[in-house]
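Subject: Structure handover

Hello,

Here is the structure I promised you. My notes on it follow below.

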Amino acid sequence: MHDDMKRVAEIAVPVERAKAAIDLMATYQGWVLELSRMRREAIEEAQASGMTQAEIASHLGVSRGRVGQLASAGPPPERAFFGTDLVTVSLGGKLEAGKGPDENPSAVVVREDLDNFEHLRKLLGGMKLESQYEVIPPTGIVNLNRENHVVICGPRLSPIVAQVLEGDHNLRFEKDHAWHLLDQKTGETYRSPMDEDGSAGDFGYLGRLPRLDGRGTFLYIAGIHAIGANGVVHYLEHHLADLYREVRTRRFSTLISCRFDPETREVLESRRVTPLYRHES
């Protein structure tokens with residue numbers, strides 16, 4: 001910290017020194033926010049282990065009332081599920097309708113995925129995390145080696161994602177007459193009601209998968225159809241705290257079913273239909 005401040009102080013040009021100071025303050029403020037999240041989580045864990053507020057206060061050297069304040073100050077612990085800084089949401093892009101690959105087409109994102117980003121933006125904002133989205137080009141090439149990264153893109157749109165998914169020995173996408181999801185542990189197949197009888201329901205995959213560089217993970221969301229990913233986001237909106245308590249930031253995968261309004265395409269209900277399969281011991 002002292003070296004950072006000294007570096008800023010030694011910048012000769014005033015406006016450049018001011019800009020460097022602003023940038024460094026933003027970095028420190030981000031650290032303070034994450035530390036306050038860690039403090040809140042630690043106090044919650046101590047209470048869950050059976051310690052009283054009085055005992056915690058004694059250990060921390062603060063009043064019992066202050067412990068109560070600290071237990072509710074800062075972002076919720078589950079914020080760490082998404083990251084510690086600006087979250088990038090990568091959305092699968094498709095070629096514009098009616099254009100071939102030789103016509104210099106641009107990538108477009110389906111309405112359901114834009115809705116997903118908007119829901120995630122609000123969820124993250126409530127935990128003091130900013131977010132942005134990017135469109136994965138029709139080639140399916142996406143940089144997975146990043147922190148604070150969420151990918152919403154079916155394996156059929158990205159061969160890179162499809163290769164990473166092959167490492168999940170519990171759940172997988174398969175295709176015969178239609179795309180579906182398979183629980184390899186139980187042998188149970190999950191087919192979209194949209195393909196079976198046309199009813200307004202779908203299934204989605206949720207997991208934390210390894211980056212290609214082996215230096216971290218990314219969150220992955222995909223549905224059999226686009227609306228299935230909406231079901232996963234809906235599940236996160238309503239069950240994030242419980243999910244985080246179960247898996248923290250470790251690798252896992254699970255399947256989510258959803259039911260939606262066929263007119264508005266709004267998800268009405270979502271629930272987990274498989275265990276939370278851990279990918280690490």
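A residue counts as buried here when its relative accessible area is under 20%. By that cut-off, Y190 and F203 are both buried. Please keep in mind that this is a predicted model.

**Aromatic pairs**

The whole structure yields 7 aromatic pairs. In one of them, the ring centres of F173 and Y205 are 6.2 Å apart. Their planes meet at 35°, so this pair is tilted. F173 sits in strand β6 (residues 171–175) and Y205 in strand β9 (residues 201–210). The two are 32 residues apart, so the pair links distant parts of the chain. F173 has a relative accessible area of 11%, which makes it buried. Y205 is buried too, at 0%.

Y190 and F203 make another pair, and this one is edge-to-face. The distance is 5.3 Å centre to centre, with 65° between the planes. Y190 belongs to strand β8 (residues 189–191) and F203 to strand β9, so the pair ties together parts that are 13 residues apart in sequence.

Ring pairs also join F81, F82 and F252 into a cluster.

**Nonpolar cores**

The largest nonpolar core contains 30 residues. F81, F82, V150, I221 and L236 have the most contacts inside it. Six elements each supply at least two of its residues: β1 (87–92), α5 (111–125), β5 (149–152), β10 (217–223), α8 (226–247) and β11 (252–260). Helix α8 gives the most, with 9 residues.

F82 is worth a look in the viewer. Leaving out residues up to four places away in sequence, F82 touches V87, L120, L123, L124, M127, L129, N148, V150, L219, L236 and L240.

Another core, of 22 residues, lies apart from the largest one. I136, V151, L165 and F173 are among its members.

**Salt bridges**

There are 18 salt bridges in the structure. Here are three of them, starting in helix α2.

- R40 bridges to E44, with the closest N and O atoms 3.5 Å apart. Both lie in helix α2, 4 residues apart, about one turn of the helix. R40 is buried at 17% relative accessible area, whereas E44 is partly exposed at 31%.
- E45 bridges to R248, with the closest N and O atoms 2.9 Å apart. E45 lies in helix α2 and R248 in the loop between α8 and β11, so the pair ties together parts 203 residues apart in sequence. Both are partly exposed: E45 has a relative accessible area of 40%, and R248 has 24%.
- E118 bridges to R121, with the closest N and O atoms 2.5 Å apart. Both are in helix α5, 3 residues apart, about one turn of the helix. E118 is partly exposed at 31% relative accessibility, as is R121 at 35%.

Salt bridges with shared partners also join E34, R37, E41, E45, R79 and R248 into one network.

**Surface**

Which residues form a nonpolar patch on the surface? They are W31, L35 and M38, with about 330 Å² of accessible area together. M38 is in helix α2 (residues 14–48). M38 is partly exposed, with a relative accessible area of 41%.

Best wishes

Note on methods: Residues are numbered from 1 along each chain as its sequence is written. This is a predicted model: local features need pLDDT of at least 70, side-chain atom pairs count only at pLDDT 80 or more; totals for chains, interfaces and linings use all residues. Side-chain values use heavy atoms; hydrogens and water are left out. Patches are made of residues with over 30% relative accessible area and no salt bridge: like charges are joined within 9 Å, nonpolar side chains (Val, Leu, Ile, Met, Phe, Trp, Tyr) within 5 Å. Accessible areas come from the Shrake-Rupley method with a 1.4 Å probe; for residues, only the protein chains shown count as cover. A salt bridge is a side-chain nitrogen of Lys or Arg within 4 Å of a carboxyl oxygen of Asp or Glu. Buried means under 20% relative accessible area, exposed over 50%, partly exposed in between (1.4 Å probe, protein chains only). A nonpolar core is a set of buried Ala, Val, Leu, Ile, Met, Phe, Trp, Tyr and Cys residues joined through side-chain atoms within 4.5 Å. Contact means heavy atoms within 4.5 Å. Rings of Phe, Tyr and Trp (its six-membered ring) pair if their centres lie within 6.5 Å; planes under 30 degrees apart count as stacked, over 60 as edge-to-face and the rest as tilted.
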